[in-house]
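Here are some worked exercises to try with the model open beside you. Have a go at each task before reading its solution.

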Amino acid sequence: MSHNPIFPVPSQALTRTRMNSSQYAESYAQSIANPEEFWAAQARELLSWRAPFQNTLDWNFHTATIKWFEGGKLNVSENCIDRHLELRGDKVALIWEGNEPGDTKSLTYRELHRAVCETTTLLRSLGVKKGDRVAIYLPMILEAAVCMLACTRIGAIHTVVFAGFSAEALRDRINDCSCSILITANEGLRGPKTVPLKTTADQAVSECPTVRHVLVVKRTETPCPMQDDRDVWYHESLNSIAGSDNSAAEPMDSEDPLFILYTSGSTGKPKGVLHTTAGYLLYATHTFRYVFDLQEDDVHFCTADIGWITGHSYVLYGPLANGATSLMFESIPTYPDAGRYWDVVERHKATIVYTAPTAIRALAKEGDHFVTRYSRSSVRLLGTVGEPINPDAWLWYHSVVGEGRCPIVDTWWQTETGGVMISPLPGATPTKPGSATRPLVGVQPMIVDEQGQELFGNDVTGRLCIRFPWPGMMRSVYGDHERFRQTYFSTFPGLYFTGDGCRRDEDGYYWITGRVDDVLNVAGHRLGTAEVESAIVRSGAVAEAAVVGVPHDVKGQGIAAFCVLHAEVLPDAGTKMKILATVREVISPIATPDHVWFVAGLPKTRSGKIMRRILRKIGEGEYGAVGDVSTLADPSVVADIVSLVQAARLSKD
């Protein structure tokens with residue numbers, strides 16, 4: 001018997017479903033028995049090819065080599081736009097909801113095609129060619145989608161940088177992959193705030209020798225400095241090339257790089273996750289179709305920014321490859337008040353809402369009336385992404401937002417996986433609040449112990465690995481394949497290690513228990529402990545820092561920083577503010593610690609390794625459960641830290 005409440009598949013989800021429970025069981029069994037045959041059939045059915053592939057899969061997890069659909073040629077832009085023009089040319093492809101309520105635009109597939117072709121011609125006039133890297137540092141505006149698709153039309157590799165990142169973060173990403181072009185805006189709008197994107201971009205590019213041009217979208221009327229011979233206004237340039245057409249789509253090999261997306265690693269240096277053309281597009285297309293039970297009249301409202309993988313896969317590529325209508329959202333969930341999402345849902349008749357547990361928790365705290373004053377009658381499916389959702393938030397989402405009638409797809413996946421890996425299917429899977437439930441068709445998860453031995457059966461807890469490739473998986477860390485092999489394939493040789501802990505319950509449902517390495521997951525954003533610690537030390541006040549994740553009611557996981565100050569620095573509010581400001585500047589406000597505790601020393605082994613597990617227990621308030629401290633060079637520091645943290649918490653930090 002299950003100890004967790006089970007919610008059956010709602011009856012209305014069964015009436016319009018792409019896959020019911022028996023179909024799932026049959027398809028899953030077939031996909032595991034003969035995965036290459038399964039994915040080859042999906043590739044032929046779901047994608048349009050310029051030339052057919054000759055070999056479905058070549059792989060070796062020991063050398064971290066994965067190649068899908070070799071010999072095939074295709075273009076992502078053609079798959080997302082051109083092939084829909086005959087039957088869906090007048091269907092809305094993208095709806096844009098701006099920062100201010102009611103500031104909306106939309107593009108049909110035909111209009112999107114025209115915009116992408118014009119931008120393709122513009123980029124080529126600036127010298128962009130196949131294989132070049134293009135950095136995109138834009139707010140959630142239609143031009144962001146258009147520029148990404150134009151890159152794919154050329155065969156240029158885009159790297160989208162979240163428009164909340166600092167100049168340093170942008171600089172490091174541009175330099176890591178030697179971008180020749182940066183596309184940005186004069187400024188961004190985010191709730192009541194403006195974001196000085198061009199100013200930040202100028203700071204970054206001043207230390208980026210490979211950038212030849214900065215293409216600037218005019219988002220607002222605020223002027224910005226423009227550098228002669230380097231900076232180009234986007235819309236003015238489009239007007240200047242009107243009448244010319246150099247927009248032919250480049251035929252791409254299946255394994256040609258598509259995009260690089262930087263994600264934090266435990267070493268501090270962000271990893272350039274490299275995804276390739278055919279496998280990524282197939283997986284985004286396939287998972288979007290089945291996880292969201294796609295129907296022709298759907299309006300898909302994914303709240304993610306395109307700076308993250310969720311925006312890539314489920315705002316842009318997955319929906320458009322399926323010929324769906326996707327809603328892009330520029331603002332924040334609490335502007336002008338906590339009813340904004342549901343106002344958007346009512347006005348645009350959204351049928352699917354896909355958002356993060358962080359947003360759900362934040363909105364739940366504001367009260368039900370912000371939800372119930374808007375109609376959600378159009379919504380038939382709810383989804384969550386970014387981190388495990390706690391059961392209380394799941395139940396609120398289900399009962400208040402979904403009125404108890406909408407299935408919830410609680411999706412587990414990663415930047416590295418390209419698309420959803422474990423999730424309920426709306427018409428096939430009874431759900432449990434907090435569980436990602438079962439693997440998608442074609443996905444082969446396994447749970448191993450710390451020695452890498454597989455844990456068979458149900459009611460087991462260990463490390464989550466994947467035993468067999470899937471088309472959407474990353475192919476390398478850009479410029480550092482050995483780091484790719486070391487990070488994902490060396491811990492348990494022959495397996496892809498996700499870095500997550502996992503429990504498989506008595507019913508065979510999967511529950512993600514969080515990161516087992518030193519990567520933080522703050523509001524669905526992955527941050528390396530090393531990069532946060534480095535930023536803290538950059539403040540000049542701190543000699544040494546260690547950060548750990550701690551429970552947070554809204555963000556899921558917050559950040560606690562244990563700081564050893566330089567001798568002359570006072571442990572006061574001014575020092576704390578200096579530390580927080582430095583982290584915001586060097587990384588992003590997302591990385592701002594929730595707690596800063598000034599300590600005399602850190603718990604270290606005799607070899608100098610910081611024992612973060614001890615700090616994690618202290619941060620979680622489990623002062624009596626720090627475990628064995630006998631291996632520490634100075635065990636007395638633990639009691640000192642416990643006393644300090646207890647005192648700080650009594651005085652609310």
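**Exercise 1: A strand with neighbours on two sides**

In this predicted model, Ala135 of strand S6 sits opposite Thr159 in strand S7. Start from that pair and work out which strands pair with S6, and in which sense.

Solution.
- Step 1: Follow the pair outward. S6 (residues 133-137) and S7 (residues 157-160) are joined by four bridges and run in the parallel sense.
- Step 2: Trace the chain between these two strands. The path goes from S6 through helix H7 to S7, and this β-α-β crossover is right-handed.
- Step 3: Look for another partner. S6 also pairs with strand S8 (residues 181-185), again in the parallel sense and over four bridges. Here Ile136 has Ile183 of S8 as its bridge partner.
- Step 4: Check the two faces of S6. Arg133, Ala135 and Tyr137 lie on one side, Val134 and Ile136 on the other, and all are buried. That agrees with the count for the strand, in which five of five residues are buried.

A general reminder for this step: in a regular strand, side chains alternate between the two faces of the sheet.

**Exercise 2: Describing two helix pairs**

Describe how H7 packs with helix H12, then do likewise for helices H20 and H21.

Solution.
- Step 1: Recall what is needed. Two packed helices are described by the angle between their axes and the distance between the axes.
- Step 2: Take H7 (residues 142-154) and H12 (residues 309-321). Their axes come within 12 Å and cross at roughly 60°. H7 and H12 are therefore oblique to each other.
- Step 3: Add the hand. The crossing of H7 and H12 is right-handed.
- Step 4: Turn to H20 (residues 612-619) and H21 (residues 636-650). These pack with axes 10 Å apart, at an angle of about 25°. Angles under 35 degrees count as roughly parallel, so H20 is roughly parallel to H21.
- Step 5: Give the hand here too. H20 and H21 make a right-handed crossing.

**Exercise 3: Reading a mixed sheet**

What is the strand order of the open sheet of seven strands, and which strands form its edges?

Solution.
- Step 1: Write down the order. The sheet reads S5-S4-S17-S16-S18-S19-S20, and its pairing is mixed.
- Step 2: Find the edges. S5 (104-108) and S20 each pair on one side only.
- Step 3: Note the twist, which averages 20° from one strand to the next.
- Step 4: Look at the S5 end. Strand S4 (residues 92-97) runs antiparallel to S5, with five bridges between them. Ile95 stands opposite Ser106 of S5.
- Step 5: Move to the S20 end. Strand S18 (residues 352-355) is parallel to S19 and joined to it by four bridges, with Val353 opposite Leu382. S19 in turn is parallel to S20 (residues 408-410) through three bridges, and Thr384 faces Asp410 there.
- Step 6: Connect the last two strands. S19, helix H16 (residues 391-401) and S20 make a right-handed β-α-β unit.
- Step 7: Check the faces of S19 (residues 381-384). Leu381 and Gly383 point one way, Leu382 and Thr384 the other, and all are buried.

**Exercise 4: An antiparallel sheet**

Describe the open sheet of four strands: its order, edges and twist.

Solution.
- Step 1: The order is S21-S22-S24-S25, with antiparallel pairing.
- Step 2: The edge strands are S21 (445-448) and S25 (510-515), each pairing on one side only.
- Step 3: Neighbouring strands are turned by 45° against each other on average, direction ignored.
- Step 4: Inside the sheet, S22 (residues 460-466) and S24 (residues 496-504) share six bridges in the antiparallel sense. One pair to locate is Cys465 with its bridge partner Phe497.

**Exercise 5: Cysteines and a tryptophan**

Why does Cys406 form no disulfide, and is Trp59 buried or exposed?

Solution.
- Step 1: Count the disulfides; the structure holds zero.
- Step 2: Find the closest cysteine sulfur to that of Cys406. It belongs to Cys302 and is 17 Å away, too far for a bond.
- Step 3: Check accessibility. Cys406 counts as buried at 1% relative accessibility, and Cys563 is buried at 0%.
- Step 4: Turn to Trp59 in strand S1 (residues 55-60). Its relative accessible area is 31%, so Trp59 is partly exposed.
- Step 5: Compare sequence with space. Trp59 and Phe468 are 409 residues apart in sequence, while their C-alpha atoms are 9.1 Å apart.

Definitions and conventions: Residues numbered from 1 in each chain as written. Predicted model: local features only at pLDDT ≥ 70, side-chain atom pairs only at ≥ 80, totals over all residues. Heavy atoms only, no water. Buried < 20%, exposed > 50% of the residue type's maximum accessible area, 1.4 Å probe, protein only. Pairing = 2+ DSSP bridges. Right-handed = clockwise from strand over helix to strand, strands pointing away. Disulfide = S-S within 2.5 Å. Axes fitted to C-alpha atoms, helices over the stretch in contact; angles between N-to-C directions. Parallel < 35°, antiparallel > 145°, perpendicular 65-115°, else oblique. Left-handed = near helix turned anticlockwise from the far one by under 90°.
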